[in-house]
Structure formats: C-alpha cells, structure tokens
Amino acid sequence: MADKKGKGILRFDNKTMRLGFMVSALALPTVGFLLFFVYVNADSILMAFQRPDYSSGKLIERWSLDNFQRIFNTSGGDYKELIESLRNTLIFFFADLLIVFPLSIVMSYFFFKKIAGYKVFRFIYYLPTIISSSVLVVLFKYAIGSGGVVQAWRTKHGLPYLNLLSKEPQALLTVLFYTITFSFGGNIIVIGGSMNGTNQEVLEAGRIDGCGWIRELVSLVIPMMWPTISTMLILRCAAVLSASGPILVFTKGANGTMTLSYLLYALVWGGDNGQSKDLYYASAVGIMMTLIVFPLAMIIKHFVYSDKRDKEDVL
C-alpha cells in the first residue's frame, strides 16, 4: 500500500499515457481489420487461382487459371453474362454521376436559399432515407404491379396490363427509374450540410457585386465546398463497378438486369436465375474488378485534388 508521499504508486508520463490510449483505442479495430479484411481477402485471392476437385470423394483445391480463362473466353456464356453485367453497372453508375449528383447539388442550393415551401420539399426528399429501403421497394412494386396505379392508368386509356419487370428493356428502365428517384435524400443531407458551412461573408460580397443565383452557385458555393464534392466524386469512382439498384428484391438479375454486384452475390450464395455457386470464379471476378477500379480511383483522385488546388489559388 502506498504511503502519503506516493511511494509505491505506478506513475506514467504524458507520452506513455498517450501511447497507451492510442493502443487501447486502436486494438479492437485493428484486430477486426486483420480478421475480416486482410484474412478474408487473402483467402479470396488464393481461391481465384484454384479450382475444386471432388473426383477423390473429398474436396481438393488444385491450382489453375481456369477462372480467368472463363472471364476472357469470348465464346462462353460467362463472358456474355459479364458483358451484360458490366453494361448495366455502368448505366447505373453514370445515371448517378450525371443525373443524381448534379441534381442533388442544385436541389441542395435551392434549399440553402430557403425558397418558398423548401421545408416541405426537403421533407419529401428526406423521407426515403427515413423509411426502410425494403419497405420502399415493396410499395413501389405494388404501385407498378397488378392492381396498382400503372395498371389503373393503362386500363383508363384502354391499354392491356404490362408487368414492367417481366421483360427487357422495361425491367432495367424500371429499376433505374426507382434508383434515380429515391437516391437524392442522402446526397442532399451531405451536400446541404456542407453548403451551410460556407463563408457567408464571401456570399454577401458576391451579392453586393450583383452576383445572381447561378453565378453564386458556380463561382462561389461550389468552390468553397469543393472538399466535400471531391470526396463524394472519389468515393463514387472507387465504387464504379459496384453501382447497382435493388436487383435482388426486384428481378434477381432476370430480364436483362444483371449487374456485377448482384453477379458476385449470386456466385457466392446461389441465384434464383439459374446461377450456381462458384466461390472460385467469384474471387477471380472480384480481382479483375479491383485491378480496374483501384488505378481508376487513383487517377480521378489526382485530377480532382489538382482542380481543388487550382480553385483555392483563384480564390
């Protein structure tokens, strides 16, 4: 037991205490990273160069390049499925990049300017982020399904009922319409929060100089919130081959709606569209996606951050 002078008490200096705090705070996340990312991905990389062999009655993993041959075999069905999945994935990506993202900036700006009724419109766009996505999908499927508003409209105009998810290209267009319509809420929250943190004195100076709304948005607001916009652009480009709509709950990849993300899901868990499980082939597809996305994201990062520095120099 320590005496009154503090003898026997273990003392630490500030440096040791900071180091101990950092170790205790980072220990659990580091273990999780090593276990659920490094180990899982290392095993997946090895599986991409293996094929299962059950000829002896038990599983034997033999080294092979068959998985990559399936990817590049232009005469095989796997290649055609990959091309269709890649095409649909890029459609979803560019729809988000060229439609949803710019419109989110414009909508956030109008909310930032507090136009008449902006609280009502803001609530309407925030609502999909509050409601569960599975509930939204069910409601949307009821609306376009038998007995829904689509059938009522077609019946009113003397047209037969059409299941929009039953054939190409209506199925893909329907999922794309749903994805675009309900993708604004999260973007508006992030972009709107960044706009609210812009320098009001700069905006006031612009208004004194006769700066209109369009000029203010393009020349003042966007440059001042460029760190947020650039980060969102980089994240989108890093997930270019993961772009997808709710394919699982809508079509399960049928009727020309297969995407790369759902293809990987079907290869891992088995799809309802005749897709069998194949973890080894899925690992090879994942490696090819990584080899494409990683350098692309680095290139976009370089140009986006270069533009940011140029804008800061101008301001």
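Is Leu-203 buried or exposed? Select Leu-203 and find out. At 0% relative accessibility, Leu-203 counts as buried. Here, buried means under 20% relative accessible area, exposed means over 50%, and partly exposed is in between (1.4 Å probe, protein chains only).

Some ground rules come before the next stop. This is a predicted model: local features need pLDDT of at least 70, side-chain atom pairs count only at pLDDT 80 or more, and totals for chains, interfaces and linings use all residues. Residues are numbered from 1 along each chain as its sequence is written, and side-chain values use heavy atoms, with hydrogens and water left out.

**Stop 1: around Leu-203**

Stay on Leu-203. Its place is in helix H9. Helices (H or I, at least four residues) and strands (E, at least two) are DSSP runs, numbered from the N terminus. Now show what Leu-203 touches, leaving aside its neighbours within four places in sequence. You should find Phe-112, Thr-198, Glu-216, Leu-220, Val-221 and Met-224. Contact means heavy atoms within 4.5 Å. Next, add Leu-217, which is 14 residues along the chain from Leu-203. Their C-alpha atoms are separated by 9.6 Å.

**Stop 2: the two ends of H9**

Select residues 200-208, which make up H9. Asn-199 caps the N-terminal end of this helix. Zoom in there: a side-chain oxygen of Asn-199 lies 2.9 Å from the backbone nitrogen of Glu-201. Then go past the other end. H9 is followed by Gly-210, whose phi is positive, near 85 degrees.

**Stop 3: H10 and H11**

Select helix H10 (residues 213-224) and helix H11 (residues 226-238). Two packed helices are described by the angle between their axes and the distance between the axes. Axes are lines fitted to C-alpha atoms, for helices over the stretch in contact, and angles run from 0 to 180 degrees between N-to-C directions. The axes of H10 and H11 come within 5 Å and cross at roughly 75 degrees. H10 and H11 are therefore roughly perpendicular to each other. Angles under 35 degrees count as roughly parallel, over 145 as roughly antiparallel, 65 to 115 as roughly perpendicular and the rest as oblique.

Show the side chains. Ile-222, Pro-223 and Met-224 of H10 meet Trp-226, Pro-227 and Ile-229 of H11. By class, this contact has 6 nonpolar, no polar and no charged residues.

**Stop 4: H8 and H11**

Keep H11 and add helix H8 (residues 184-196). Their axes are 10 Å apart, and the helices pack at an angle of about 150 degrees. That makes H8 roughly antiparallel to H11. From H8, select Asn-187, Val-190, Ile-191 and Ser-194; from H11, select Thr-228, Met-232 and Arg-236. These residues make the contact.

**Stop 5: salt bridges**

A salt bridge is a side-chain nitrogen of Lys or Arg within 4 Å of a carboxyl oxygen of Asp or Glu. By this rule the count comes to 8.

Which residues should you select for a network of salt bridges? Pick Arg-51, Arg-70, Asp-78 and Asp-278. Arg-70 meets Asp-78 at 2.8 Å, N to O. Arg-70 also bridges to Asp-278, with the closest N and O atoms 2.7 Å apart. Arg-70 lies in helix H2 (residues 66-72) and Asp-278 in the loop between helix H13 (260-269) and helix H14 (279-314), so the pair ties together parts that are 208 residues apart in sequence. Colour by accessibility: Arg-70 is partly exposed at 24%, while Asp-278 counts as buried at 11%.

End at Asp-53 and Arg-62. Their side chains meet in a salt bridge of 2.5 Å, N to O.

Conventions:
Nonpolar A, V, L, I, M, F, W, Y, C, P; charged D, E, K, R; others polar. Polar contact = N/O pair within 3.5 Å; in protein donor to acceptor, adjacent residues only side chain to side chain.
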